[in-house]
Structure formats: structure tokens, C-alpha cells
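Visitor: I'm new to protein models and would like to learn how to read one. Could you walk me through it?

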Amino acid sequence: LPQGGMSAPPINLARTAAGGVITPKSALNISAAWACVWLIADTISTLPFVLNKRNGTDSYGKPATNNPAFSVIGRSPNSMMTAAEFWQFMIASELLWGNAYGEKVVNATGDLVALLPLLPQCMVPSKSDPTGELRYK
């Protein structure tokens with residue numbers, strides 16, 4: 001069973017010129033790597049993230065403020081984090097582990113009400129047989 005965040009191809013491992021292996025955990029022991037991840041994630045997380053309505057096939061119109069996902073994505077992904085904190089976590093996860101995962105929380109009518117961040121190093125994506133549907137463990 002592959003470890004989470006280590007599914008093939010292992011995009012989160014790098015070999016040094018000396019033959020050693022750098023992992024996300026070992027990279028964070030290097031202050032320059034941590035500073036780079038922090039700077040990129042912190043900068044991107046503060047950019048506006050707006051959900052727009054689609055007009056026609058290729059153009060986007062005004063913000064979709066009446067869509068329940070609008071406020072979840074851009075304002076308050078969950079009760080424990082601000083939008084900037086949530087996106088900072090997601091960007092840092094992508095930089096270190098190559099992907100980021102969030103669990104969708106929906107209400108009884110199926111509207112998105114929250115996004116909960118999941119640790120990428122604990123996720124194992126796979127395709128189910130026979131439908132080929134993507135699943136996560």
C-alpha cells in the first residue's frame with residue numbers, strides 16, 4: 001500500500017547530486033526552503049479568489065454572489081480558518097507534496113457549506129474498478 005502523498009510517480013521526492021533523497025519533511029529542516037514555501041503560500045493566499053458566473057461558452061461575467069460556494073471559497077471556508085489561512089495551507093501543500101485536498105461539507109439540499117483541509121501526506125488517491133472513478137483514502 002503506497003504511503004499518502006507518495007503515489008506514483010513520486011513528485012515529492014528529489015535526489016541530490018550526492019545521491020541523497022530530499023522529502024518535504026527533510027526540506028522543511030532547511031530554513032531557506034521553509035522561507036520560500038512560506039513566502040509563496042502567504043503571497044498567493046492573500047490574492048482575491050472570486051467565483052464568477054459563466055456567460056456563454058468562454059467568457060466570464062459578474063461574481064456569482066448568489067452561489068453558496070461563493071462565500072465558502074472566498075470568505076470563510078470553515079469555522080476554524082479564514083480564507084487566507086485555508087488557501088495558505090492549500091498552496092503550501094501543493095508546493096511540498098504536489099497536491100492539496102479539501103473535504104467538501106454539504107447541507108441537506110446539497111449546497112457547499114464548508115471546505116475542510118486534509119493532510120496531503122495522508123491521502124492515497126486511486127481509481128475504482130470497474131468504473132475508473134477517482135477515490136481518496
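Guide: Let's go from the overall layout to one helix and its aromatic rings.

Visitor: What should I know about confidence before I start?

Guide: This is a predicted model, so begin with pLDDT, the predictor's confidence in each residue. The mean pLDDT here is 83, and 88% of the residues reach 70 or more. Be careful with residues 1-10, though, where pLDDT stays under 50.

Visitor: How many helices and strands are there, and in what order do they come?

Guide: The protein has four helices and eight strands. Starting at the N terminus, you'd read them off as β-β-α-α-β-β-α-α-β-β-β-β.

Visitor: How do I check the length of a helix, say α4?

Guide: Take 1.5 Å times one less than the number of residues. Helix α4 covers residues 83-97, which is 15 residues, so it should span 21 Å; its end C-alpha atoms are 21 Å apart, and that agrees. Just past the helix, Gly98 has a positive phi of about 85 degrees.

Visitor: Which elements do the buried residues of α4 pack against?

Guide: First, the word "buried": it means under 20% relative accessible area. Of the 137 residues in the protein, 25% count as buried. In α4 they include Ala83, Phe86, Trp87, Met90 and Ile91. The buried residues of this helix pack against α1, α2, α3, β5 and β6.

Visitor: Which element gives the most to the largest nonpolar core?

Guide: Think of a core as buried nonpolar residues joined through their side chains. The largest one has ten residues, among them Val72, Ile73, Phe86, Trp87 and Leu115. α3, α4 and β6 each supply at least two of its residues, and α4 gives the most, with four. Apart from this core lies another one of six residues, including Ile91, Ala92, Leu96 and Trp97.

Visitor: And how do I read a pair of aromatic rings?

Guide: You describe the pair by the distance of the centres and the angle of the planes. By the pairing rule, the count here comes to four aromatic pairs. Take Phe86 and Trp87: their ring centres are 5.0 Å apart and their planes are at 85 degrees, so the pair is edge-to-face. For that label, the angle has to be over 60 degrees.

Visitor: Are Phe86 and Trp87 buried or exposed?

Guide: Both are buried. Ring pairs also link them with Phe49 into a cluster. Leaving aside neighbours within four places in sequence, Trp87 is in contact with Ser45, Phe49 and Ile73.

Notes. Residues numbered from 1 in each chain as written. Predicted model: local features only at pLDDT ≥ 70, side-chain atom pairs only at ≥ 80, totals over all residues. Heavy atoms only, no water. Buried < 20%, exposed > 50% of the residue type's maximum accessible area, 1.4 Å probe, protein only. Contact = heavy atoms within 4.5 Å. pLDDT = per-residue confidence, 0-100. Core = buried A, V, L, I, M, F, W, Y, C linked by side-chain atoms within 4.5 Å. Phe/Tyr/Trp six-rings, centres within 6.5 Å; stacked < 30°, edge-to-face > 60°.
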